[in-house]
Amino acid sequence: MKRLFALILFYFSSTSTAIAAEEEIKVAVFLEPPFVDYIDNQWQGENIDMIKLLSQRVQLTPKFIRCPFARCLTMVKKGQADLIMGVMKSKERAEYLTFIEPPYLLQHKPLRFFTLANNNITINNIDDLTPLIVGTIRGASYHHEFDNNHSMKKVAITSREQLVKMLLKGHIDTFIEREESIKPLLSTQDYQQKLALANYLYDDPVGSYIAISKKTSIQRYAKPLAQQLHKMISSGEFQQIRAHYQLR
């Protein structure tokens, strides 16, 4: 009888573990090479590898949902997606997101203002942006001084590819982004010959976070995810993933 009871316990324990291991986590992702890319019907990039590894550690299976950045935020806000990666922490976002501490990446690369090389536009300070049409990513946060400046003409666009196209066609005068996110979108020749970088930039370190929707049952994984995230950062696993992509 004891043996039968032990077998029953083992069966239910094994079944529960299998179910837990198969639980899906819906991850809202936006294209941002080298962090996130979609090549030959496969998700690739630093963030993709990181979230796969982190999910595995807490027995979750990631399902990636492609969306423009603003749409990704809306999806996690409504609970249509469970998790988003690569977002800056803010008071407004904390109302609908649980930010997993610590940030998995501290961005040290500056935010730059891109212009057309043949336009000879000079941007030495924030006031020089006032007469210009400035492209941004819809829903993105950049820097407090820039985000809260309402005197300049900002045009919100859904993707970085569109920012580049709008600039090349002369529909905007400049846009704000990091070089590492723009370089993969152009050939080396076009990048060097057609684009120029303004002197004015933002160089404050910014934390990139993993965040969970407050309207999802995956909330119960917040603590285990934070524990595993801390271990993976401390062990250097995340740094190894970054190094792998930087060497490519």
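Q: Which residue in β11 stands opposite Thr 115?
A: Let's start with one residue pair in this predicted model. Strand β7 covers residues 111-116 and is joined to β11 by five bridges, the two strands running antiparallel. In β11, the residue standing opposite Thr 115 is Ala 196.

Q: Which strands are the edge strands?
A: Here it helps to look at the whole sheet. It is an open sheet of five strands with mixed pairing, in the order β9-β8-β10-β7-β11. Two of these strands pair on one side only, and they are the edge strands: β9 (153-157) and β11 (195-202).

Q: By how many degrees are neighbouring strands of this sheet turned against each other on average, direction ignored?
A: The sheet in question has the strand order β9-β8-β10-β7-β11. With direction ignored, its neighbouring strands are turned against each other by an average of 35 degrees.

Q: What angle does the direction of helix α5 make with that of β10?
A: Helix α5, residues 160-168, packs on the sheet and touches β7, β8, β9, β10 and β11. Strand β10 spans 174-178, and the angle between its direction and that of α5 is about 145 degrees.

Q: What does the crossing of α8 make it relative to α9: parallel or oblique?
A: The axes of α8 (residues 222-235) and α9 (residues 237-246) come within 4 Å and cross at roughly 60 degrees. Angles under 35 degrees count as roughly parallel, while 65 to 115 counts as roughly perpendicular. The crossing angle therefore makes α8, relative to α9, oblique.

Q: How many nonpolar residues does the contact of α8 with α9 have?
A: On the α8 side you will find Leu 229, Met 232, Ile 233 and Ser 235, which meet Glu 237, Phe 238 and Gln 239 in α9. By class, two residues of this contact are polar and one is charged, while the number of nonpolar residues is four.

Q: Is Ser 208 buried or exposed?
A: Ser 208 lies in strand β12, residues 206-213. Leaving aside neighbours within four places in sequence, its contacts are Gly 86, Val 87, Pro 103, Tyr 104, Leu 105 and Gln 107. Its relative accessible area is 9%, and under 20% counts as buried. So Ser 208 is buried.

Q: Which helix gives the most to the largest nonpolar core?
A: This core has 44 residues, and those touching the most other members are Ile 84, Val 87, Phe 113, Leu 129, Phe 146, Phe 175 and Tyr 202. With five residues, the helix that gives the most to this core is α3.

Technical notes. Residues are numbered from 1 along each chain as its sequence is written. This is a predicted model: local features need pLDDT of at least 70, side-chain atom pairs count only at pLDDT 80 or more; totals for chains, interfaces and linings use all residues. Side-chain values use heavy atoms; hydrogens and water are left out. Two strands pair if DSSP finds at least two bridges between them. Axes are lines fitted to C-alpha atoms, for helices over the stretch in contact, and angles run from 0 to 180 degrees between N-to-C directions. Contact means heavy atoms within 4.5 Å. Angles under 35 degrees count as roughly parallel, over 145 as roughly antiparallel, 65 to 115 as roughly perpendicular and the rest as oblique. Ala, Val, Leu, Ile, Met, Phe, Trp, Tyr, Cys and Pro count as nonpolar, Asp, Glu, Lys and Arg as charged, and the others, Gly among them, as polar. Buried means under 20% relative accessible area, exposed over 50%, partly exposed in between (1.4 Å probe, protein chains only). A nonpolar core is a set of buried Ala, Val, Leu, Ile, Met, Phe, Trp, Tyr and Cys residues joined through side-chain atoms within 4.5 Å.
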